[in-house]
Every structure is written in C-alpha cells, then in structure tokens.
Amino acid sequence: MQAQAVAQPNIALIKYWGKRDVQRNLPAVSSLSVTLDTLWTTMSVEFSAAFPDDSLTLNKEPVAKLLPRVSACLDRVAGSERHRARVISECNFPIAAGLASSAASFAALVVAADAAVGGEGDRLTLARAAGHASGSAARSLFGGFVELDAGVGDNDISLSPLADAEHWPMEVVVAITERGKKPVSSGDAMQRSAETSPFYSRWLSDQSVDLDTARDAVKQRDFDKLGEIAEHNCLKMHSVTWTSRPPIVYWNTATVACMQAVRELRGQGAAVFFTIDAGPQVKAVCLPESADRVAEALGNVPGVVQVMRSGLGRGARRLAAA
Ligand code: DP6
C-alpha cells in the first residue's frame, strides 16, 4: 500500500483570498491560476498496520506542525478507518515563503494516497480533497491555465482547465527576495482580512468581473489584457491585507523594486506582468521571447537572492514505483 506522486505549484493570476466556510475550507471567491513545471514536490505515501502513528518527513526532516492537516487530508482520501501512514516529501523550492508550497504538497499527497489505496484517481474528487486541506492546492491537480469556481452555499468547488501550455506557452520568472517563512500564514491572514479590512466586501463583490476578464484574455490569448487584470487583482488583494488590523505587509524593499523593474521592462517593450502571493517573492509572467531579459533584469535587482524560471506544466500525477 505504497505510492508516489509529483505535483507542481500554481501561481494565481486572479487570487483566492477569503473563505466562506472555514470548517470545510471553502473559498469565498473563484480564482484562476497557471501551473508551473520546473518547481516540484514529490510525495510518497505508505499505509501499514505496522505504523503506530502517521509520520511526515519533508526534505529528510521530520515535520510535526503540518501533520494534523496531512492526517486529515489522508482521512478524506483513504477513509478514517485507514492504516497509519508514512509520508515522505521532497521539494526543490523554498517552503512556506509565498511560493505555493502547500498547493504542490497537498496536490501530490492526494494523488499518492489515492493510488496507495487503489482509488480511481478521479480528478475532481481529488482536487476537492486537496482544496479542503489548502484552497490553492485544488488547482494543482490540473495543468496550464486553470479556473476554480468557488461554488455557493454548501456546494463544493469545481475546476475547469482553460488552456494548456501548447495552447499558450508562457514563462514565469520567480524573483526570490527572502528565503524565510512568511510572518502570517495565508489562512490566518485571510481571516483577519475578512474581519477587519474595510476593502474586503468590495474585494468579494468585484472578483467575478476580474475573473471574466481574465478568462476572456486566456481564450483570446490577449497578453496585455491578462497582465492588466492580473496586476490589478494582485494589488487589490494586497490592499486588503495592508488595510487589515493589525496590517499584514508581505512585501519588502526588493519586492517593490521588482515590481518597478517589471514596469520598466514593459515600457521597453517586454511582454511581462507581475503577481505576488502571500510572501515577498515576485512572479513575473512573460511570453517566452521576453523571458531572458526579464530574468536578467530581475536578477540584477538589489535584494533578489535567486531567480527561478519555469514554463507551464501538467497537473499532479502518479510516479511509477522506483
Ligand atoms: C495568496 O491556499 O495557502 O496564494 O486554503 O488557507 O491553505 P489555505 O490558503 P492558501 O492561500 C493561497 C493564497 C494566495 C492566492 C492564491 O493562490 O489564489
């Protein structure tokens, strides 16, 4: 009863920020993302009657903090009567630093757990299980451009792949400005935003317009239109966090310098826009022909400690047994 899976993080262009049901971790708004390819997380899940408890090892270190969420996620996929599990994960990028590490982790976890118990691998069921653990994880079950429909009331989420990498190739240049963990988790920050930001209600009510615009842009392959709405949506999400009480500011000086560099590159004709999640890293989304100059320029921004590059990738999938 052992299986392995791999998943890539996804970057939201229209953000999920806020929950309508904290217990079931259902999002308050729909979202749209791109799944990456060169960043990855692998998960090996083994169920055995011989294990006294669930255990989790991440990059060869035991991790206790994430274990309750992992155990609850395994219950959802394999049933609460399941045997205890040994979960071993490897990740090739910084964890809990605003790079969607939890998205890739839970997407890989549900695929591996389902395969380990001989499940059917139904994408939507697995995406929902991953989403209950971490909202953004549901999108990493699918590749390319992915829309997540939040649903209403008791209804669960649903997902639509909009376009794959062949339909519209894109590169994402990630400027890492800090390797440390973020000061406030996304979940806690969303809660605080909902309770205290005067902009939160407007954030909710405008989301469907942003989403419609972004979906149209993907269908029409209109890069400028996509970039304009993605930057607007990102800045709106961060305006909500800045105006929470106490405020949540994920950016540092280099984050702002990278945003400025992206604007300058665009002024010089590069096809690029930025987006930023719950952390200080800047993701510059570009058309492939602009990626070299974007990577070079961001690498030269003071405070940028590393630049990673990725194309668009596939959804979470099982790995053949070693
Ligand atoms: C800013 O999926 O990490 O990256 O459901 O509480 O685990 P939880 O939140 P999480 O939030 C992601 C927030 C975001 C935007 C996005 O990915 O859509």
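In this predicted model, A12 finds its bridge partner in β5 at S33. That bridge belongs to the pairing of strand β2 (residues 10-14) with β5, an antiparallel match over four bridges. S33 also looks the other way, so to speak: in β10, its bridge partner is V146. Here again the strands, β5 and β10 (residues 145-149), run antiparallel and are joined over four bridges.

With partners in both β2 and β10, how much of β5 is covered? Five of the five residues in this strand (residues 31-35) are buried. In a regular strand, side chains alternate between the two faces of the sheet. For β5, one side carries S31, S33 and T35 and the other L32 and V34, and both faces are covered, with all of these residues buried.

Turning to the aromatic residues, the structure holds four aromatic pairs. One of them joins W168 and F223 edge-to-face, with 6.5 Å from centre to centre and 85° between the planes. W168 sits in the loop between β11 (158-163) and β12 (171-176), while F223 belongs to helix α6 (residues 223-242), so this pair ties together parts that lie 55 residues apart in sequence. Both W168 and F223 are buried. They are also members of one aromatic cluster, which takes in F145 and F273 as well.

Another pair brings together W242 and W251: the ring centres are 5.3 Å apart and the planes meet at 65°, so this one is edge-to-face too. Its two partners differ in how well they are covered. W251 has a relative accessible area of 18% and is buried, whereas W242, at 42% relative accessibility, counts as partly exposed.

That leaves the ligand. A shell of 18 residues surrounds the ligand, and the closest are Y16, K19, S134, G135 and S136. By type, the shell splits into six nonpolar, seven polar and five charged residues. Which element gives the largest share? Helix α4 (residues 186-196) does, with three residues.

Several side chains place an N or O atom by a ligand oxygen. For S134, one of the closest residues, the distance to an oxygen atom of the ligand is 2.7 Å. The corresponding distance is 3.1 Å for the side chain of N25 and 3.3 Å for that of R69. As for overall cover, the ligand taken alone exposes 460 Å², and the protein buries 91% of that area.

Definitions and conventions:
Residues are numbered from 1 along each chain as its sequence is written. This is a predicted model: local features need pLDDT of at least 70, side-chain atom pairs count only at pLDDT 80 or more; totals for chains, interfaces and linings use all residues. Side-chain values use heavy atoms; hydrogens and water are left out. A residue is near a molecule or strand if one of its heavy atoms lies within 4 Å of it. A polar contact is a pair of N or O atoms within 3.5 Å; within protein, one must be able to donate a hydrogen and the other to accept it, and residues adjacent in sequence count only if both atoms are side-chain atoms. Accessible areas come from the Shrake-Rupley method with a 1.4 Å probe; for residues, only the protein chains shown count as cover. Helices (H or I, at least four residues) and strands (E, at least two) are DSSP runs, numbered from the N terminus. Ala, Val, Leu, Ile, Met, Phe, Trp, Tyr, Cys and Pro count as nonpolar, Asp, Glu, Lys and Arg as charged, and the others, Gly among them, as polar. Rings of Phe, Tyr and Trp (its six-membered ring) pair if their centres lie within 6.5 Å; planes under 30 degrees apart count as stacked, over 60 as edge-to-face and the rest as tilted. Buried means under 20% relative accessible area, exposed over 50%, partly exposed in between (1.4 Å probe, protein chains only). Two strands pair if DSSP finds at least two bridges between them.
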